[in-house]
Amino acid sequence: MKKKLIVAASLCAAFALGTVTASQAASTLEKIQANLNHGISFLLNGESWSPKDANGKSAAPISYQGTTYVPLRAVAEATGADIKFDGNRQQISISTGKTGSNTENPQGVRTPFNENTVSHMKWSYYTSGITRNKEDLRFGETQYQTAFTVGGVNSAGQGVAFKVKEGTKKMGVLIGFKSPKDEGKASYVIEDKNKQALATGQVGSGKVENNELVLPKGTTELYVTFKGPAGEDSTGYVIWDESWVEN
């Protein structure tokens, strides 16, 4: 049954990925009479799901001679596959993350923070950025190499924002904090763009704390807000070393 569904999905690709030229239609297309089946529902990982076309409109499956044909792009993207259509060659390529061209970032494998996996975002008036200053990035006996950083942390709060690639499902985020008095603690919250808190905690001055996040579907923007001792000019860090993303 699984094999039959995959074949059916492939045959239905023209509906989801593009059209063919008139000359190709004459040689490769066969006219049939089929029906859109609005009575079929879908469960994706146990939850209700509806396939959409590239314009966000509902894409109903097709019933033809006892076989159900589903929109290939919608199904592939919902299950984490990368799909491309070459109109000139009339060829569909599917990468699952385990084989083929998508082996650089296979599914379920943790990839460290680097220039290819995360990028800094400007957020409001906060002074933030990327630092590789070794003096700034020494925490206890550990020397870190790179971090997103924001200064001016006090009781009013300051924050740093960064972006990950689409399809990121999980993250490990190493949070650091430094107070000019080498004492006190900061509270922090990691949120998505909808203000949904994904992790909260406290970190002492000169200390680091690990956080593991499960990202809501479609989340690419993360906002980290620090609140430190009143009247101080402290610094918050999102340390790249030991931080990771997972597709």
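Thr 219 has its place in the loop between β18 and β19, where strands, like helices, are DSSP runs numbered from the N terminus (strands are E runs of at least two residues, helices H or I runs of at least four). The model is a predicted one, in which local features need pLDDT of at least 70 and side-chain atom pairs count only at pLDDT 80 or more, while totals for chains, interfaces and linings use all residues. Residues are numbered from 1 along each chain as its sequence is written, and side-chain values use heavy atoms, with hydrogens and water left out.

Is Thr 219 buried or exposed? Thr 219 is buried, because its relative accessible area is 9%, and buried means under 20% relative accessible area, whereas exposed means over 50% and partly exposed lies in between (1.4 Å probe, protein chains only). A polar atom of the Thr 219 side chain lies 2.9 Å from the backbone oxygen of Pro 216. If neighbours within four places in sequence are left aside, Thr 219 is in contact (heavy atoms within 4.5 Å) with Val 164, Thr 168 and Asp 192.

From this loop we can step back into strand β18, residues 207–214, which holds Asn 211. Asn 211 is buried, with a relative accessible area of 8%, and its side chain is joined to that of Tyr 188 by a polar contact of 2.8 Å. A polar contact is a pair of N or O atoms within 3.5 Å; within protein, one must be able to donate a hydrogen and the other to accept it, and residues adjacent in sequence count only if both atoms are side-chain atoms. The backbone oxygen of Glu 209 lies 3.3 Å from a polar atom of the Asn 211 side chain. Although Asn 211 and Met 171 are 40 residues apart in sequence, their C-alpha atoms are 8.1 Å apart in space, and Met 171 is among the residues in contact with Asn 211, as are Ile 175 and Ile 190.

Those three names return in the largest nonpolar core, where Phe 162, Met 171, Ile 175, Ile 190, Leu 213, Leu 222 and Val 238 touch the most other members of a set of 31 residues. A nonpolar core is a set of buried Ala, Val, Leu, Ile, Met, Phe, Trp, Tyr and Cys residues joined through side-chain atoms within 4.5 Å. Strands that each supply at least two residues of this core include β13 (147–153), β15 (170–178) and β20 (234–246). A second, separate core has seven residues, among them Leu 137, Ala 147, Tyr 237 and Ile 239.

Strand β20 also contains Ser 243, which is buried with a relative accessible area of 2%. A polar atom of the Ser 243 side chain lies 2.5 Å from the backbone oxygen of Ile 239. Beyond neighbours within four places in sequence, the contacts of Ser 243 include Phe 113, Gly 172 and Leu 174.

Earlier in the chain, three strands form an open antiparallel sheet in the order β1-β4-β5, in which two strands pair if DSSP finds at least two bridges between them. The edge strands, β1 (35–36) and β5 (67–69), each pair on one side only. Strand β4 (residues 62–64) is joined to β5 by three bridges, and Ser 63 has Thr 68 as its bridge partner. Five bridges join the antiparallel strands β6 (residues 82–86) and β7 (residues 91–95), with Asp 82 partnered by Ser 95. These two strands form a hairpin with four residues between them, and Gln 90 in the turn has a positive phi of about 55°.
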